[in-house]
Amino acid sequence: MLGKLLKHEFKATARLLLPIYLVLFVLTIVDRIALSIDFRGALNVIPGFATMAYVISIVTIAVVSLVIIVLRFYKNLMTDEGYLMFTLPVKPSQLINSKLLVSMFWNLVSFLLIIASLLGVFLTRERFGLLKDGIRMVLNEMGKEFGTFNMTLLTIEFIVLVIIALINNILIIYASIAVGQLFNGHKVLGSFAAYIGISTVLQIVVTVALITLGALFHKSFEEISALPQIVFPLTIGFTIIANGLFYWGTNFIFNRKLNLE
Amino acid sequence: MQWELDSERPVYIQLIEQIQAGIISGVFKPGDKLPSVRDLAAEATVNPNTMQKALSELERIGLVYANRTSGRFITSDEGMIAKLKGESAKEQVIDFIERMKLIGFSPEETLALVTDIVRNGKR
Amino acid sequence: MSAILECKSLTKKFTTLTALSNVNLTLERGRIIGLLGPNGSGKTTMIKLINGLLVPTSGTILVDGKAPGTDTKKIVSYLPEKTYLPDWMKISDTIEFFHDFYPDFDSKRANEMLDRLHLDASRRMKTLSKGTKEKVQLILVMSRNADLYCLDEPIGGVDPAARDYILNTIISNYNENATVLISTHLIADIEKVLDEVVFIKDGTVTLHSSVEDIRTKEGKSVDTLFREVFKC
């Protein structure tokens with residue numbers, strides 16, 4: 001059943017994002033051309049406009065990707081549409097999973113497309129050379145500091161961290177919306193309040209944890225090689241625990257405290 | 001067919017009466033196949049179980065017969081339908097005489113009035 | 001086979017009020033049953049509990065012998081008071097959706113009913129009037145071969161022609177051995193189609209009887225009895 005939920009979730013979200021991706025694609029080409037032509041006189045404004053439209057489309061993609069996380073979850077599960085979704089023969093956890101996976105997918109795709117599009121607009125042969133040299137230099141320097149073993153570890157940890165941080169961002173929103181719907185008649189307001197509350201608590205916990213750890217490990221922190229061995233693993237562990245809590249809380253509310261109007 | 005049900009009396013009795021009336025007036029012809037219970041129920045907007053009960057009762061008195069494979073039919077026995085018609089006519093006349101009594105006409109006066117109107121047309 | 005619905009000492013409390021209090025109720029299969037009570041008497045709470053949208057405060061509720069969950073949602077077809085189909089969906093999308101999630105859904109039957117209404121399946125939900133949306137929902141819900149149909153106020157606020165359409169659709173489509181539970185406060189419109197009635201008042205069940213019994217024993221219609229029981 002998760003497969004079917006994913007299918008319909010993709011259908012519901014693709015119709016919002018694919019048209020914007022198409023716009024980005026077109027504007028990438030337009031802007032690339034506009035920037036490469038040497039406009040004279042009044043026509044000078046053309047590259048300016050093209051770039052502005054291009055930047056707006058990138059911002060739109062970033063915003064829509066975020067809005068999809070929030071709106072699909074809220075509208076599809078907490079408003080009248082919730083009567084349809086919560087009476088399907090699926091577990092509430094499967095509803096959460098389908099929304100989470102599809103949100104992650106679109107966020108990653110949007111991110112990669114924006115990078116690809118930026119390269120498409122601004123990459124020239126000489127800039128490509130500069131970029132390559134820059135990356136090689138950074139990798140070299142890091143290799144010297146960490147050693148090859150730690151570099152591999154660091155890369156893996158970094159990718160894991162990006163993914164679970166993305167999950168973390170999404171789950172905070174989900175948990176906030178789930179808590180917010182408990183407030184009759186003030187569900188949206190409740191969700192915002194819950195978001196602020198949860199973020200604040202999370203900040204406090206992180207700060208306290210950092211101070212404590214700093215005091216415990218301050219010797220080893222002085223070496224940058226501590227990064228892959230201590231700091232990243234701790235951050236990953238902590239984020240996973242937080243993610244587990246948010247997921248569990250959202251699922252608990254859906255199972256026991258659902259409050260559709 | 002037009003179904004008219006009031007809400008005070010048991011529905012199945014009213015359904016029996018209405019189907020009988022349908023047979024008498026020729027809406028249902030001798031030997032006709034009846035629609036399914038569910039379709040009849042939907043047409044009359046009544047509960048299918050109630051319609052079932054009414055049809056079973058009609059079956060019991062022989063106005064309707066069920067064929068195991070092909071559904072329910074109105075009896076082809078014209079004599080029986082004629083008898084039903086006769087009974088229904090009689091009931092209506094008795095009912096009419098009763099109502100005339102209520103407005104002060106004796107049965108004889110009613111008869112005289114009926115005879116007069118039938119002979120000379122209504123004026 | 002167990003009863004299709006069994007409630008024992010079922011109680012549901014919200015922070016400020018008790019919506020259902022100590023309800024004991026058993027519904028058998030193959031009946032059309034009216035859940036009758038004035039607004040705010042607990043009808044919708046009852047139906048939400050059956051569908052697992054609420055969890056009892058105490059007592060038990062069993063659908064086909066099981067607590068509401070994934071298994072019972074497979075056999076319960078629910079028509080809420082809300083228009084719950086997403087705006088952007090075409091009618092054909094909603095059919096595909098039901099077909100994907102409910103193995104007992106009969107797409108052919110749904111399409112036939114849409115044809116009879118001359119509704120074009122490529123129209124989007126947001127272009128339909130509220131009444132038409134409700135008809136589409138009813139068609140979807142009644143195109144399932146469920147064991148229990150829960151219809152929450154299906155004829156609230158519709159004109160007599162639409163009411164007849166709705167009742168006809170229910171009668172001609174429900175599964176023979178299934179039970180149909182119809183909640184309403186408009187009794188006169190619906191009592192001809194009912195086998196049984198359950199009266200619910202201030203969160204308690206005050207009467208559960210067959211309609212025929214009410215008419216023969218009390219010599220009055222369910223509507224008249226209802227007006228007496230719920231007199232303000």
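Here are some notes on chains A, B and C of this predicted model, set out point by point.

1. A good place to start is chain B. Its secondary structure comprises five helices and two strands. Read from the N terminus, the order is α-α-α-β-β-α-α, with the two strands placed between three helices before and two after. The radius of gyration comes to 18 Å, whereas the globule rule gives 14 Å for 123 residues, so chain B is more spread out than a compact globule.

2. Two further values fill in the picture of chain B. Its C-alpha trace spans about 55 × 35 × 25 Å along the principal axes, and 20% of its 123 residues count as buried. If you look at contacts in chain B with a separation of 6 or more, 55% of them join residues 24 or more positions apart.

3. Which elements of chain B should you look at where it touches chain C? The contact brings together 15 residues of chain B and 18 residues of chain C. On the chain B side, α2 (37–44) and α3 (48–60) each supply at least two residues. The largest share, four residues, comes from α2(B). By residue type, the side of chain B that touches chain C has seven nonpolar, four polar and four charged residues.

4. Chain A also meets chain C, and this contact takes 16 residues from chain A and 18 residues from chain C. Two helices of chain A, α1 (2–36) and α3 (81–85), each give at least two residues to the side that touches chain C. That side of chain A divides into eight nonpolar, two polar and six charged residues.

5. Chain C holds an open sheet of six strands, and I would trace it in the order β5-β6-β7-β3-β8-β9. The pairing in this sheet is mixed. At the edges stand β5 (76–79) and β9 (204–210) of chain C; each has a single partner strand, so one side of each is left without a neighbour in the sheet. From one strand to the next, the twist averages 15°.

6. Within that sheet, have a look at β3 (residues 32–36) and β7 (residues 179–184) of chain C. These two strands pair in the parallel sense, over five bridges. To find the pairing on screen, start from I33(C), which stands opposite L181(C) in β7(C). The sheet also has a helix packed on it: α5(C) touches β5 and β6 (148–152) of chain C. The direction of α5(C) makes about 175° with that of β5(C).

7. Two residues of chain C deserve a check of their backbone. Most residues other than glycine have a negative phi. S9(C) is not a glycine, yet its phi is positive, at about 45°. It belongs to strand β1 (residues 5–13) of chain C. Is S9(C) buried or exposed? With 12 C-beta neighbours inside 10 Å, S9(C) counts as exposed, because the cut-off for exposed is 12 or fewer.

8. The second residue is H118(C), also not a glycine, with a positive phi of about 55°. Where is H118(C) placed? It lies in the loop between α4 (107–116) and α5 (130–142) of chain C, the latter being the helix that packs on the sheet. H118(C) has 6 C-beta neighbours inside 10 Å and therefore counts as exposed.

Conventions
Residues numbered from 1 in each chain as written. Chains lettered and ligands numbered in written order. Predicted model: local features only at pLDDT ≥ 70, side-chain atom pairs only at ≥ 80, totals over all residues. Contact = placed C-beta atoms within 7 Å. Nonpolar A, V, L, I, M, F, W, Y, C, P; charged D, E, K, R; others polar. Rg over C-alpha atoms; globule rule 2.2 N^0.38 Å. Pairing = 2+ DSSP bridges. Axes fitted to C-alpha atoms, helices over the stretch in contact; angles between N-to-C directions.
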